[in-house]
Every structure is written in C-alpha cells, then in structure tokens.
Amino acid sequence: MGKCNACGEWNTFVEEVIQREEKSGPGAVLSAHRASSPVNISDITYDHEARIIIPDQELNRVLGGGLVPGSLVLIGGEPGIGKSTLMLQTALQCIVQKVLYISGEESEQQLRMRAERLGIRNENCFILTETNTQAIFQHLEKVKPSIIIADSVQTLQTDNIESSAGSVSQIKECAAEMQKYSKITSTPVFLIGHITKDGSLAGPKILEHMVDTVLQFEGDRNYGYRILRSLKNRFGSTSELGIYEMNDTGLREVTNPSEILLSQRDEQVSGTAIAAMMEGQRPMLIETQALVSSAVYGTPQRSTTGFDGRRLNMLLAVLEKRSGFRLGHKDVFLNIAGGIRVEDPAIDLAVVAAVLSSNQDFPIGSKCCFAAEVGLSGEIRPINHIEQRISEADKLGFERIFISKYNTKNLALKRFSIQINPVGKIEEVYRKLFG
Ligand code: TYD
Ligand code: MG
C-alpha cells in the first residue's frame, strides 16, 4: 500500500512478517503453559548478591549497582558516539568473566586493532563475527560465556523470519530469541542499537518495552565528553548517570565531574556563573557562560547550547518585567560548559547571574556558586537535595553559595564552612553581587 488511509502520508507502511505457530488455538496455549503453576510470592527466593560487578564503575552505577544475571540491556545511541568502544572496553576489562563480543559490524581484524588502541590485554574475551542467530546460539552452546554483547541488534538476522536484516520484525524476533537465551541460561546480554537523530528510523525504540534496561549513550561529538543515561531500568533508578571522556586510547571514566565542568582559568571574566546541580543522585558543579551584547541587527538573537532556549527566553522576560533589567534589545548567548545538556531547574539562578554579570560587565567571583529555581514572578524558588549540593560546593572549596530562602528550613547552616546566602528575589541577588 503506498498511501496510508489514516494519516494520508505516502510510503510510511512498514512490512512486518507474522510468524505462524505450528499449533494454534486455545488447546495449544493450555498445553504449553502446563509446566508453570502459581506460587505464593513470599515463597519465592532470590539471591541478594547475584549481581555481577563489572570493572567499569560508571556502567555499574548506571545499571543500578552491577549487572543482573539474565537481564537484557539495550544500549542506544547515534552512530559514531562510541557504543562499540564502550562495550569492547568493558569486555576487555572483565578479567574474571568470560565475555563473548558478537559483531556484525566490524571484522575480527578491525576489532583486534581497536583492542590494541584501547591497550588492554585479556585472555578471557572472545570475538564472534556472525549475524545469524541460529549460528550464534550454536557457538554459545560451546563457548558458554558469562556475558554476551551483540553489536548491533540491527545486523542480527534469524531464519525464522523471512524479511531482511534490520527490518522491524527481524529486530523484534532476534531480540526475543536473545532474551529467551538470556533468561534460560541466566546470562546477561547487552544489545547495541543505533538510534538516528530524528528518531524515525529508530529500530531499537520498538525494543524498549521488552528489554529490562535501556541505556542511552550521548554527547556532543565536538566535545570529548560522553554521558551514559538510564532511560528505563527494572533493577535500579533511572536518574543515574555515567560520565566518560573519549581519549585516543578509549573512554576514561570521569569520577569527579565537577573538575572537568569548571573551566580552569586564572583571571576573572564577566558572564560566567557556577551552578550546583544534580544529575541523578550525584551533585556536580557546572559553569554557565552568558554573553549579552547590543543587537547589531534589528531582531535580537537568543541562542543556547546545552540549555532549553525557551527557558532562557522565560528567564529574560522575568528579568525584564519583574526586575526592570532592559534586555529586550540585547543579543543573549548562553552556553553550558563541556557540551553537557542540563535539565535540572536549579541551574536557573546561575543562568540569571551569568546574564546579569555579562550585562553589567562585572565578574562574579570564581568562588561563588548558585542553586535555585527562578519563578515567573521573579521569586527564587527552593529545590531538592539542597544539602548535597551545598556540601559538594563546600568540598570543592567554594566560599559562597546563593540558595532560596525557602530552602533554609531544617538546614544545619553551621555544619558547612561555606557562606550561605539565602535570597528571595532577583534584586537581592543583584544587590549582593554587584551592589
Ligand atoms: P564507535 O565506538 O565506533 O561508535 P559507535 O559504535 O557508537 O558507532 O566510536 C567511534 C568513534 O570513537 C570514532 O569517531 C573514533 C573514536 N575513538 C576515539 O576517539 N578513541 C578511541 O580510543 C577509539 C577506539 C575510538
Ligand atoms: Mg559501532
């Protein structure tokens, strides 16, 4: 069919082959399930220590504290972001566990070259360049690995379905076969999946509901930093985040993100402010940079990297309307250091401070940071995890932090050596910084 009757678009139909069961009807369903029987939930036992701890600490944390046996983990990301590097590196780092890296994308020689580049030697890591799942399962019987990595799920192909590799039904069926193997043998399986930028050709998206964990590997290709985010996790929180730096010898775990997210410099410049933000359960300090200048052309420009442009417009409108700063005819550019995308609303106050600092052309001391949301009426709003943010700033040697005055309840101010400035309105911040 060329045109869809429902939406009127052309060529949007995707062929999906439905596999026919040999036996069908309710009788077959009943006999297939006879083996299972209801069990009282309190009678079911499980092993607390069952998780496999992998050497990569960032990956461990994002998985929720190790790899669960028999789990299916999907790692998605744009091509070239470093998924294969991350997984091969993990495979090579696992000395104790036998890992099988199945690659349908690269040859054995290419993988060997990559392993040389990563500079890790491992006798327990096996490579299989095969895409047919039936052949893969035969090899799995012999090798019996403790961890399986399949790069990528789009290249896998099963004989049970007649469509070509990479089609929706092939991807679904191959993943289902892998899942079956994984559950029966309690072997954890990593599936790598490419996700295109627009998301339309996103084959792996259809797998999200069937796998146990969905991780997304992302980052700006122009910066060296890569972020591993958990989008779904049946065995842990989805707010965890792993940070890596791509070097010429592979991915390096970044254990103290604040150090890299604060640009190192000696002289004080206007237009920068530091935010104490949280990514998952981890506090980190990040630099926001603003440039406010008179508009050269008629319409002022607003441009952001790493921050929501509409949120910037809202903050500028608040500054204009509620606090009387004339920014309407100015160009405003905003940048978050390190190519990181920030969604934590606690960065608002730092953005406002950076904009004001650039507008006044007056630097904010580099030992000062901010953690608060800004509301539509110009009020400084409280945020969560305030203690963790303050102690992180304290630990990193900051001398002053601005927080909402509504955040000071139940807060042991004396506990910190950092000076805490509770504020309620943007004008107060302005007075304390520049007045
Ligand atoms: P890759 O893992 O092949 O990406 P994906 O599997 O997600 O498509 O990553 C390839 C990129 O990483 C490539 O641009 C080269 C770069 N790279 C390094 O910078 N350092 C390294 O040590 C390696 C192995 C790759
Ligand atoms: Mg790859």
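**Exercise 1. In what sense do β10 and β11 pair, and over how many bridges? Work out the surroundings of this pair in the predicted model.**

Step 1. Begin with the pair itself: strands β10 and β11 run in the antiparallel sense, and eight bridges hold the pairing. To find one of the partners in the structure, go to Thr272, whose bridge partner in β11 is Gln289.

Step 2. Look next at the hairpin that these two strands form, where two residues stand between the strands and where Gly280 has a positive phi near 65°.

Step 3. Follow β11 to another neighbour, β13, to which β11 is joined by seven bridges in an antiparallel run. Here Ser294 is placed opposite Lys330 of β13.

Step 4. Continue from β13 (residues 330-336) to β12, and note that the two run parallel and are joined by four bridges. Arg302 has Val332 in β13 as its bridge partner.

Step 5. Put the strands together: they belong to an open sheet of seven strands with mixed pairing, ordered β12-β13-β11-β10-β14-β17-β18. Because β12 (302-305) and β18 (419-423) are at the edges and each has a single partner strand, one side of each has no neighbour in the sheet. From one strand to the next, the twist averages 25°.

**Exercise 2. Find which strands α9 and helix α11 lie across, and then describe how α8 packs with α9.**

Step 1. Take α9, which lies across β10 (272-279), β11 (282-294), β13, β14 (368-371) and β17 (400-404), and which runs at about 35° to β11.

Step 2. Turn to helix α11 (residues 426-434), which lies across β14, β17 and β18 and runs at about 145° to β18.

Step 3. Add helix α8 (residues 309-321), which packs against helix α9 (residues 348-360) at an angle of about 60°, the axes of the two being 11 Å apart. The crossing in which α8 passes α9 is right-handed.

Step 4. List the residues that meet: α8 brings Arg311, Leu312, Leu315, Leu316 and Leu319, while α9 brings Asp348, Val351, Val352, Val355 and Leu356. Sorted by kind, the residues of this contact are eight nonpolar and two charged, with no polar residue among them.

**Exercise 3. Give the strand order of the open sheet of nine strands, and locate its edges.**

Step 1. Read the order across the sheet, which is β3-β2-β4-β5-β1-β6-β7-β8-β9, and note that the pairing is mixed.

Step 2. Identify the edge strands as β3 (125-128) and β9 (250-253), each of which pairs on one side only. The twist from one strand to the next averages 25°.

Step 3. Examine one pair in detail: strand β6 (residues 213-218) and strand β7 (residues 225-233) are antiparallel, with six bridges between them. Within this pair, Thr213 has Asn233 of β7 as its bridge partner.

**Exercise 4. Find what sets the backbone apart at Lys144 and at the peptide bond from Asp151 to Ser152.**

Step 1. Recall the background, which is that most residues other than glycine have a negative phi and that most peptide bonds are trans.

Step 2. Compare Lys144, a residue other than glycine, whose phi is positive, near 45°. Lys144 is found in the loop between α5 (133-143) and β4.

Step 3. Move on to the peptide bond that leads from Asp151 to Ser152, which is cis, with omega near -10°. Ser152 itself is in the loop between β4 (147-151) and α6 (168-185).

**Exercise 5. Into which domains is the protein chain divided, and how much area is buried between them?**

Step 1. Mark the bounds along the chain, with domain 1 covering 51-255 and domain 2 covering 260-434. The centres of the two domains, taken over C-alpha atoms, are separated by 38 Å.

Step 2. Count the residues on each side of the contact, to which domain 1 gives 15 residues and domain 2 gives ten residues.

Step 3. Finish with the interface, remembering that its size is often given as the accessible area lost when the parts come together. Between domain 1 and domain 2 the buried area is about 1100 Å², and carbon and sulfur atoms give 54% of this area.

How values were computed. Residues numbered from 1 in each chain as written. Chains lettered and ligands numbered in written order. Predicted model: local features only at pLDDT ≥ 70, side-chain atom pairs only at ≥ 80, totals over all residues. Heavy atoms only, no water. Axes fitted to C-alpha atoms, helices over the stretch in contact; angles between N-to-C directions. Left-handed = near helix turned anticlockwise from the far one by under 90°. Contact = heavy atoms within 4.5 Å. Nonpolar A, V, L, I, M, F, W, Y, C, P; charged D, E, K, R; others polar. Pairing = 2+ DSSP bridges. Domains from an automatic or database assignment. Buried area = accessible area lost by both parts, 1.4 Å probe.
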